[in-house]
Amino acid sequence: MNRRRQVLELGVGLGFLLTIVLTLAMGWRETVAARVRADTIRLHVLANSDTIEDQLLKLKVRDAVLAALPGTVTEAGTPAEAQQALRRSLPALQAAANQALLQEHSGQTAAVRLENYDFDARDYGEFALPGGTYTALRVELGAAQGHNWFCVLYPALCVSGATAEYPTGAENALVFGSYEVRFALLDALRGL
């Protein structure tokens, strides 16, 4: 009976310890995810509708906006500098979006603004972003009821030829996929 009680107490103790470790690990991950959200500016282009024409038009507007994006955004040293550069560039980006619509003989207009927007978690294949509220350059075409396209403007992950890195190793690990939660106790048990 005494042995059974010891095993039960050990099991409860290990369960409690595991709960504490998992809680701390998840808290640390959320702290890093919050930092990633603060250090990221996304581009979000919403098509007028889901017709093939509107979806193709969305991509042409995306290309025009990216082409009009000043280097001061992608070369900025901080997210705040990138946001300032985007704010200064809003009229030019708006003009580029509307010019692309005009060139395609579309009666739609674009609304371009910098705002906070809630995104779901997203895996891009080469990198992944946690869900939550991000600063975003939003480009809404017409009624903005179609599928969207989004990427990361800062650090420059969707600008051709740009190289990007987050300020901390933990952020890079979370975004670029080498982040993993490991437990020393489990590693030790596997080693036996």
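**Nonpolar cores and two buried polar residues**

Arg62 is found in helix 2, which spans residues 52–68. In this predicted model, Arg62 has a relative accessibility of 16% and therefore counts as buried, the cut-off being under 20%. The side chain of Arg62 has a polar partner in the side chain of Asp63, at 2.9 Å. Apart from residues up to four places away in sequence, Arg62 touches Val45 and Trp149.

A second polar residue worth a look is Ser89, which sits in helix 4 (residues 79–103). Ser89 has a relative accessible area of 11%, so this residue, too, falls under the 20% limit for buried positions. A polar atom of the Ser89 side chain lies 2.7 Å from the backbone oxygen of Ala85.

Turning to the nonpolar interior, the largest core comprises 26 residues, and Leu43, Val61, Val65, Leu86, Leu137 and Val139 are the members with the most contacts inside it. At least two residues of this core come from each of strand 1 (41–46), helix 2, helix 4, strand 2 (110–119), strand 5 (132–141) and strand 6 (148–154). Helix 4 provides the largest share, with seven residues. A second core, separate from this one, has eight residues, among them Val36, Phe119, Phe150 and Val152.

Leu86, one of the residues with the most contacts inside the largest core, can be followed outward through its partners. With neighbours within four places in sequence set aside, Leu86 is in contact with Ile41, Leu69, Val73, Leu93, Leu114, Leu137 and Leu153. Of these partners, Leu137 is itself listed with Leu86 among the residues with the most contacts inside the largest core.

Key:
Residues are numbered from 1 along each chain as its sequence is written. This is a predicted model: local features need pLDDT of at least 70, side-chain atom pairs count only at pLDDT 80 or more; totals for chains, interfaces and linings use all residues. Side-chain values use heavy atoms; hydrogens and water are left out. Helices (H or I, at least four residues) and strands (E, at least two) are DSSP runs, numbered from the N terminus. Buried means under 20% relative accessible area, exposed over 50%, partly exposed in between (1.4 Å probe, protein chains only). A polar contact is a pair of N or O atoms within 3.5 Å; within protein, one must be able to donate a hydrogen and the other to accept it, and residues adjacent in sequence count only if both atoms are side-chain atoms. Contact means heavy atoms within 4.5 Å. A nonpolar core is a set of buried Ala, Val, Leu, Ile, Met, Phe, Trp, Tyr and Cys residues joined through side-chain atoms within 4.5 Å.
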